[in-house]
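Subject: Structure for your review

Dear colleague,

Please find below the structure that I am handing over to you. My notes on it follow.

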Number of protein chains: 2
Amino acid sequence: MLFSTKAEYGVRLMVELGRQPGSRPVSLGSVAEAEKLPLSYLEHLVAKLRKAGLVTSTRGAHGGYRLAKPAEEITMDAVVEALEGQIAPMECFHDSPEGKVLCSHESDGDQACSTKLLWMRVQGGVTKALAGTTLAELVEFSSHSAAKPTATVGSAA
Amino acid sequence: MLFSTKAEYGVRLMVELGRQPGSRPVSLGSVAEAEKLPLSYLEHLVAKLRKAGLVTSTRGAHGGYRLAKPAEEITMDAVVEALEGQIAPMECFHDSPEGKVLCSHESDGDQACSTKLLWMRVQGGVTKALAGTTLAELVEFSSHSAAKPTATVGSAA
DNA sequence: CGGATAACCGACCTCTTCGGTAGGATTTAA
DNA sequence: TTAAATCCTACCGAAGAGGTCGGTTATCCG
């Protein structure tokens, strides 16, 4: 599998937030209820999203989460990266400070390692797909066919 | 990480085989030597490649492995899939017998789950990148810049 | 024939991550 | 002041990653 359920659950969480009018915060409990996901696990995931500046939180009773930006401005590369960590096809891949792609096998001189071409293309394909998809698209897409349960704004359960 | 070192090592192994003239089999030992990879681990990987019909083996002294097809006809989606298993962005994704993409969250009716659009695009990007790259390209690419150690055809060490 | 070489095979082992639980502390609206 | 919510840290079982090891079989060469 390319990604774990962290990305899956996290994206669903974001979509759920994206469904809401936007003014009132949505409690994690209601999201967990709507998506049938374990609340305590979602807490871990939403923490990453918050640290990445994708959602904001308000504590206390009637608190909850809401999107930090309009859904049209949230691209999925940021979401997935917040949840899964840096998107690289392979261990040895990492972005250098100057934005270049490095492969740690190239330490001996700057000769290309035989797999670099391949992983570059793969990474390109993935980031293009992720960066080219906005949260708004997913919200729209999922609300089409679905009489899906939506998180209620009030208290859960 | 999208892929593990299984794909990395396996691809390097294939490239190493691709460098050879083609008639004589290359021993795993010499590949391990050239790429500085553990021989016993490579054995597991090459077994998968063999079962997938990508390499053929000849046993006994002066035995070894060679490509089952010319490098131009080997695309990397087959290689990576043989090593890593089915290429799917997410646990819930699997190809149905008829070639359709399924998402197990859709069991209740055929309504789209909110993440399907995203994962479809990601998978498309990956498979396009993999299927669009041949082993021959990688062999060519790696031999350009490199005074890389090549597996000797004879005995290792 | 008898080594030596190498492919084959399966059991095992350690370490990390995944997916999730538990318990508590803190903030805030009613 | 109490209930609802976020926040935080620790833990835990299962699974996979990345190897290692020992042995078996097949084949060439002298």
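How many residues surround DNA strand D, and which are the closest? In this predicted model, DNA strand D is surrounded by 26 residues. The closest come from both chains: Leu28(A) and Ser57(A), together with Ser4(B), Pro38(B) and Gly60(B). Chain A contributes two or more residues to the surface near the strand from each of α2 (28-35), α3 (39-51) and β2 (64-67), and chain B does so from α1 (5-19) and α3 (39-51). The largest share, three residues, is that of α3(A). By character, the surface near DNA strand D comprises 13 polar, eight nonpolar and five charged residues.

The second topic is the contact between the protein chains. Here 35 residues of chain B are in contact with 35 residues of chain A. On the side of chain B that touches chain A, the elements giving two or more residues are α1, α5 (116-131) and α6 (135-145) of chain B. Of these, α5(B) gives the most, with ten residues. That side of chain B divides into 19 nonpolar, nine polar and seven charged residues.

Finally, the arrangement of the copies. A turn of 180 degrees, with a shift of 0.0 Å along the axis, lays chain B on chain A with an RMSD of 0.0 Å. The two copies are therefore related as by a two-fold rotation axis. Both copies use the same surface, in that 100% of the contact residues of chain B recur in chain A.

With kind regards

Technical notes: Residues numbered from 1 in each chain as written. Chains lettered and ligands numbered in written order. Predicted model: local features only at pLDDT ≥ 70, side-chain atom pairs only at ≥ 80, totals over all residues. Least-squares fit on C-alpha atoms with pLDDT ≥ 70 in both. Contact = placed C-beta atoms within 7 Å. Near = placed C-beta within 6 Å. Helix = DSSP H or I, 4+ residues; strand = E, 2+ residues; numbered from the N terminus. Nonpolar A, V, L, I, M, F, W, Y, C, P; charged D, E, K, R; others polar.
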